[in-house]
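Open the model in your viewer and keep the selection panel handy. We will walk through it stop by stop, with a note at each one on what to pick.

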Amino acid sequence: MKAFRRLCIAVIIIFLLLTAVLNLFLVGAKNSNEVIYRVEAKRLADEIAETGNYDLEKYPHIAGVFTGDDGELYTSDEHYLIIEAGGRLYRVEYTVGNGQHSIAAINCVLGVLFVLMIGLLHNIRRHIIVPLGRLNDIPKELARGNLAVPIPEEKSRFFGKFTWGVNLLRESIEDSRKKEITMQRDKKLLLLSLSHDIKTPLSAIKLNAKALAKGLYKAEEKRRAAAESINTRADEIERFVSEITKAASEDFMSFEVTKGEAFLSDIITRIDARYAPQLAMSGTEFVIQKYDDCILSCDPDRLAECLQNLIENAIKYGDGRRIEISFDKMDGCELITVSNTGCTLEAKELPQIFESFHRGSNADKVPGNGLGLFICKRLMSLMGGEVYADIRDECFYITLVVKMA
C-alpha cells in the first residue's frame with residue numbers, strides 16, 4: 001500500500017513538472033512569434049528605402065502595407081505598427097498567433113488529463129490494491145494449515161471470482177483433510193482389530209508347538225491333532241495377514257467424476273493450447289493427427305486431466321523428438337493414443353505401470369511419484385472407459401478408450 005502511495009505521488013509530481021515545462025515552452029514560443037513580425041517590419045522598411053518597392057511574399061507575418069494616401073494612417077481594426085522608410089510613414093499590418101488562447105486550451109486539456117489520471121489511480125487503489133492487500137496473508141495461512149482464516153467477500157469484478165475460487169480451494173483442502181483423517185482412522189482401527197485377532201491363533205500355535213517339543217503328547221492321534229491345530233491356526237493368521245495387506249494397499253485417493261458429454265474437438269483444443277507453445281520452445285515436434293469430431297460420454301475435465309498426464313509422461317520419459325496424438329474408432333468408442341519416441345521401458349514392465357507408486361526402470365533420474373498412470377486408470381474406469389499401453393519400434397503408445405455418446 002505504501003509503495004503504491006509513493007508511486008502515485010511520483011506520477012503526480014512528474015505530471016506537474018512536465019506541465020510546467022510545456023507551459024514555459026509555449027510562453028517562449030509565443031514571445032518568439034511576437035518578435036518575428038517586428039524583424040520583418042524592419043526588413044520591409046529597409047527594402048522600401050533601398051528600392052522604393054516591396055514584395056509581401058517575403059514576409060509571411062505581414063498582412064498589408066498602407067500609406068496615408070490609402071486613408072487614415074492610424075485607423076485599422078488589425079494589429080499594426082508605423083514604420084518610416086524613404087521619408088514616408090507606412091502602416092504595416094501584421095498577424096500574430098493566438099498564443100494566449102492556445103496556452104489556455106492546452107492547459108485545459110492537461111487539467112482534464114490530470115483529473116482522469118487521479119480518478120484512474122483512485123480506482124486502481126480502491127478496486128485492486130486495497131482488495132489485494134486484504135488477501136495478502138491468506139495463501140500463507142492456508143499453507144500453514146489454517147483453513148479457518150476468514151476470506152473477505154469482494155464485489156469487485158477484478159477480485160470477486162478470485163476470492164470465490166480461493167474459498168473453493170479452501171473447502172476442497174478441508175474436505176481432503178477430513179477424508180484423509182477418516183481413512184487413516186479406519187485403517188488404524190482395522191489394523192488394531194486384526195492385530196488383536198492374530199494373538200488368539202498365535203497363542204494356540206505356541207502352546208501346541210511347546211507341547212510337541214516337550215513330548216507331552218504320547219499318542220500319535222494327539223500329536224496329529226496338535227499338528228492339524230497348528231496348521232489351522234496358521235491358516236487363520238495367513239488370512240489375517242492377507243486382510244492387513246489388502247488394507248495397506250487399498251486406494252489412498254478418492255476420485256469424483258461427473259459424467260456428461262463433450263465434443264472431442266473441445267478437449268483436443270484445450271490440450272493443443274496448453275502444450276503446443278511449450279513443446280515448440282523445447283524443439284519437440286508436437287503432432288495432432290486429423291480426426292472426425294464426435295460427442296464423448298465422459299467428464300470433460302477428467303478426460304483432459306488424463307491426456308495431460310499422458311503428455312507429461314511423454315515429455316519426461318521420451319527423447320524430446322516427437323510427441324503425437326492419433327485417433328481411431330472401435331465398437332462405439334473413440335480411441336485417443338498418445339505416443340512418444342525414445343522409449344526405454346522394457347515390455348515386461350507394462351503390466352505394472354498402472355499400479356500406484358510403481359516407477360519403471362527408465363525413471364531413475366526422472367522426478368515423480370508413480371501416480372500419473374494410476375490416476376488415469378482409475379479415472380477412465382469411473383468414466384466407463386479403459387486405458388492400455390504398448391511399445392513398438394522404441395516408441396511408447398498409450399491409448400484412452402472413451403465411449404461415444
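Start by selecting G86, which sits in the loop between strand 2 (80-85) and strand 3 (88-94); helices (H or I, at least four residues) and strands (E, at least two) are DSSP runs, numbered from the N terminus. This is a predicted model, so local features need pLDDT of at least 70 and side-chain atom pairs count only at pLDDT 80 or more, while totals for chains, interfaces and linings use all residues. Residues are numbered from 1 along each chain as its sequence is written, and side-chain values use heavy atoms, with hydrogens and water left out.

Is G86 buried or exposed? G86 is exposed, with a relative accessible area of 64%; exposed means over 50% relative accessible area, buried under 20%, and partly exposed in between (1.4 Å probe, protein chains only). In the hairpin of strand 2 and strand 3, with two residues between the strands, G86 has a positive phi near 60°. Now add T51 to the selection: its C-alpha atom is separated from that of G86 by 9.4 Å, though the two are 35 residues apart along the chain.

**Along strand 3**

Colour strand 3 next. Five of its seven residues are buried, so the strand is mostly covered. Strand 2 pairs with strand 3 in the antiparallel sense over six bridges, where pairing requires that DSSP finds at least two bridges between two strands. To see one position of this pairing, pick L81, which stands opposite V92 in strand 3. Strand 1 (residues 62-66) also pairs with strand 3 in the antiparallel sense, over four bridges. Here, select F66 and its bridge partner in strand 3, R91.

**Over to helix 6**

Select helix 6 (264-282). Helix 6 has 19 residues and spans 27 Å from its first C-alpha to its last, close to the 27 Å expected at 1.5 Å a residue (the expected span is 1.5 Å times one less than the number of residues). Where does helix 6 bend? Look at Y275: the bend there is about 35°, and a proline, P277, follows within four residues. The bend is the angle between axes fitted to the seven residues ending at a position and the seven starting there.

Show side chains for the buried residues of helix 6, namely L264, S265, I267, I268, I271, Y275 and L279. An α-helix has 3.6 residues a turn, so residues three or four places apart point the same way. The cover over the buried residues of helix 6 includes strand 4 (260-263), strand 5 (285-288), strand 6, helix 7, strand 7 and strand 8. Just after helix 6, click on G283, which takes a positive phi of about 80°.

**Into the largest core**

Which residues touch the most other members of the largest nonpolar core? Select L303, I398 and L400, which do so among its 43 residues. A nonpolar core is a set of buried Ala, Val, Leu, Ile, Met, Phe, Trp, Tyr and Cys residues joined through side-chain atoms within 4.5 Å. Elements that each supply at least two residues of this core include helix 6, helix 7 (300-317), strand 8, helix 8 (372-382) and strand 10 (395-403). Helix 7 gives the most, with seven residues.

Centre on I398: beyond its neighbours within four places in sequence, I398 is in contact (heavy atoms within 4.5 Å) with L310, I336, T337, V338, F354, L373, V387, Y388 and A389. Apart from this core lies another, of 14 residues, among them I48, I62, A85 and Y90.

Move on to helix 8, whose buried residues are L373, F374, I375, C376, L379 and M380. They pack against helix 7, strand 9 and strand 10. G384, just after helix 8, takes a positive phi of about 80°.

**Last stop: strand 8**

Finish with T341, found in strand 8 (residues 333-341). T341 is buried, with a relative accessible area of 9%. Display its side chain together with that of D319: the two make a polar contact (2.5 Å), meaning a pair of N or O atoms within 3.5 Å; within protein, one must be able to donate a hydrogen and the other to accept it, and residues adjacent in sequence count only if both atoms are side-chain atoms. N340 also lies in strand 8, and N340 is buried, with a relative accessible area of 6%.
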